[in-house]
Amino acid sequence: NSNYKTKEEVMQRIVELLSERIDYYNWVGFYLVDNKDKGLLTLGPFVGEPTEHEKIKFGQGICGQAASSKKTFIVGDVTKEENYLSCSPKTKSEIVVPIFDKKGNIVGEIDIDSHQKDAFDQDDKLFLEEIARLITDRFY
Ligand code: SME
């Protein structure tokens, strides 16, 4: 089924597929930079437990740090990360991959939590960064 049109529909399908097909991707979602407040992330399409962190300021938590640094952030053991916003006590590790517009401004990110410790490696990083680039090409 290839008739996905809006950015939201494409992002929804991406999070569904990633969470269905990759067993250690236990919470998969997008955070998008707020159109009015460029220092704020807002929760977008996601699959997994509902989170109370619908708005995250740049610099806050793993998501906010990845947004500030504009770099992929892998945390193998979230209990060792001081600047961390917990969504679920089941989460053990996390990866956050920034998404840019064609000028290089950050527009959002892919956030994935795993119930396994040290779940994410360089292959996850390269794979998710490729997805982020495809989103840039199509929508930003
Ligand atoms: N753990 C993230 C917050 C988002 S939840 O994982 C969905 C963080 O520290 O930024």
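**Strands β1 and β6 and the enclosed ligand**

Strand β5 (residues 93–100) pairs with β6 in the antiparallel sense over eight bridges; two strands count as paired if DSSP finds at least two bridges between them. Helices (H or I, at least four residues) and strands (E, at least two) are DSSP runs, numbered from the N terminus. This is a predicted model, in which local features need pLDDT of at least 70 and side-chain atom pairs count only at pLDDT 80 or more, while totals for chains, interfaces and linings use all residues. Residues are numbered from 1 along each chain as its sequence is written, and side-chain values use heavy atoms, with hydrogens and water left out.

**Strand β6 and its neighbours**

- Nine of the nine residues of β6 (residues 106–114) are buried, so this strand is largely enclosed by the rest of the structure; buried means under 20% relative accessible area (1.4 Å probe, protein chains only).
- On the β5 side, S93 has S114 of β6 as its bridge partner.
- Five residues separate β5 and β6 in their hairpin, and G104 in the turn has a positive phi of about 100°.
- β6 also pairs with strand β1 (residues 27–33), in the antiparallel sense over six bridges.
- In that pairing V28 stands opposite I112, and G29 stands opposite D111.

**Strand β1**

- Seven of the seven residues of β1 are buried, so β1 is largely enclosed by the rest of the structure.
- In a regular strand, side chains alternate between the two faces of the sheet.
- In β1, W27, G29, Y31 and V33 point one way and V28, F30 and L32 the other way, and all are buried.
- β1 also pairs with strand β2 (residues 40–47), antiparallel over five bridges, with Y31 opposite L43.
- The hairpin that joins β1 to β2 runs through six residues.

**The ligand site**

- Residues around the ligand (a heavy atom within 4 Å of it) include W27, Y31, E94, D111 and D113.
- β1, α2 (61–69) and β6 each supply at least two residues of this shell, and α2 gives the most, with three.
- Backbone polar contacts (pairs of N or O atoms within 3.5 Å) link an oxygen atom of the ligand to I62 at 2.9 Å.
- An oxygen atom of the ligand lies 2.8 Å from a polar backbone atom of C63, and a nitrogen atom of the ligand is 2.7 Å from a backbone N or O atom of L85.
- Taken alone the ligand exposes 300 Å², and the protein buries 100% of that (Shrake-Rupley method, 1.4 Å probe).

Methods:
Buried means under 20% relative accessible area, exposed over 50%, partly exposed in between (1.4 Å probe, protein chains only). A polar contact is a pair of N or O atoms within 3.5 Å; within protein, one must be able to donate a hydrogen and the other to accept it, and residues adjacent in sequence count only if both atoms are side-chain atoms.
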